[in-house]
Amino acid sequence: MPFRPPPAAAPPPPPALPPERVGLRAGILWTFGGQLTYAAAQWGMVALLARLGRTADVGAYSLGLALTAPLFLLLGLQLRSVQATDARTERPFAQYFSLRALGMGLGLALTVGLALLYPQARAVLGWLGVAKALEGLSDVAYGLMQQRERLDWVARSTLLRGLLGLGLLGTAFALSGSVALGAAGVALANLLVLVLYDLPHTRRLAPGRWWTPHIPGALLRIALPLGLVMGLVSLGSTLPRLFVERTLGTGALGLYSALAYLNVAGSVIVVALGTAVTARLSQRYAAGDRRGFVALTLGMTGAAAVVGGGLVLLAMVGGGPLLRLLYGPEYAAQSAPFVWLMVSGALGYLASCAGFAVTAARKFGEQLPLFVVVTGVLALACWTLVPAHGLVGAALASLLAAGVQLLGSWGIVAWALGTPVPDTSPLGTPAPGAPPPTPAPSQGES
């Protein structure tokens, strides 16, 4: 009888999801509700500072966010996306949590250096750095919850952080008139939600120890390019603000930031849709269901187009009265940059949808060259347009960068659809006989 080799071992099945998980529709609704509340609270902070204080107060708070957000996103390594798309649970939660904790500690140390470079916002920078570090720990817990399709837990936590942060910032600023104490209120809100809600719920999904000194280099190689990408993405919203502050002053930065925050209204829907479908997109891509992958992506993109178009129309028809109602007469005079910011935001929504698809396909390294180009285009456009056209120039620079991002992201999606999905073992190395994977080192709150 001829010898027949034993059949190859089948790849390990994906982990069983907890029986109490919420479905896709419920996940979208929960995420939308949580993101809507959080975004409204973030906008409420800016509106409150604008109503109770001066444009310089809004500018100081916005400068603190502009400096801390890219730093902590870079050092956070976008581990939430790596977790959520880890359909085979190749790595335990302790590795993600430990790596994130180290990154947040480094972020706090670097924030001290930023505070020395910007003495006019030193205290605000310090407290916002603490707030971002605590938010980063919550975010790595969200990654586990999202992977297990408990988006209702993520939404409740996000809702609590937004409302509590708004309440504490508003109370502190109203009583003291200090933007720094308002930022301290935001940090306190993040601490309370992390300790009282996020960590206990995460314990239900990941019992055992969360700290490990053994963080594999493979995880860092996978996550680092995506962290660089997210740092560049955040820098995309920061660069126009920095150019405005340097060229036109802190008061102009306050005006620009207040106008730009209204783009958050549309991004809430886009982020909710993208967050809810990321796990499903990654599962369909991993299963080779290209048609289902494309259908989900196009559905999300169509919804984003409707939202963006509606906001542009609103800005064109009633931008001035809306700004007067929300912020006051000083802001109502800025209807022209407001319209261009809404156009830029609408194009950015479409680019974000393609970005969610790219991340779901785990094409992390491929995004890095794209965002290097996007950031270069944005910096050159800001350098050219802001001195010549003021706030309108900053909005036009963002529009150009969003167009480059949209085209590049869809190019990566098209390439990913023609790429076979590599089979991997639980340790992240190719299974015997499997084709080599795309190299991880060479790699989407309003």
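Axes here are lines fitted to C-alpha atoms, for helices over the stretch in contact, with angles running from 0 to 180 degrees between N-to-C directions. Helices are DSSP runs of H or I with at least four residues, numbered from the N terminus. The model is predicted: local features need pLDDT of at least 70, side-chain atom pairs count only at pLDDT 80 or more, and totals for chains, interfaces and linings use all residues. Residues are numbered from 1 along each chain as its sequence is written, and side-chain values use heavy atoms, leaving out hydrogens and water.

**Exercise 1.** Work out how helix 2 and helix 9 cross.

Start with the axes: helix 2 (residues 55–76) and helix 9 (residues 250–260) come within 7 Å and cross at roughly 75 degrees. An angle of 65 to 115 degrees counts as roughly perpendicular, so that's what this pair is. Next, look for contacts, meaning heavy atoms within 4.5 Å. Helix 2 brings residues including T55, V58 and L63, and helix 9 residues including T250, L253 and S257.

**Exercise 2.** Do the same for helix 10 and helix 11.

Helix 10 (residues 264–286) and helix 11 (residues 290–326) pack at about 175 degrees, axes 10 Å apart. Angles over 145 degrees count as roughly antiparallel, so helix 10 is roughly antiparallel to helix 11. Among the residues that meet are I269, L273 and R280 of helix 10 and F293, M300 and L311 of helix 11.

**Exercise 3.** Check the lengths of helix 7 and helix 14.

The expected span is 1.5 Å times one less than the number of residues. Helix 7 (residues 179–205) has 27 residues, so it should span 39 Å, and its end C-alpha atoms, 38 Å apart, agree. Helix 14 (residues 367–417) has 51 residues, yet its end C-alpha atoms are only 15 Å apart, short of the 75 Å of a straight helix. Now look at bends, each the angle between axes fitted to the seven residues ending at a residue and the seven starting there. Helix 14 bends by about 150 degrees at H389, and helix 7 by about 40 degrees at L194.

**Exercise 4.** Find what E135 touches.

E135 sits in helix 5 (residues 122–147). Leaving out residues up to four places away in sequence, E135 touches Y38, R161 and N190. E135 and L194 are 59 residues apart in sequence but 7.8 Å apart in space, C-alpha to C-alpha.

Definitions and conventions:
Helix = DSSP H or I, 4+ residues; strand = E, 2+ residues; numbered from the N terminus. Parallel < 35°, antiparallel > 145°, perpendicular 65-115°, else oblique.
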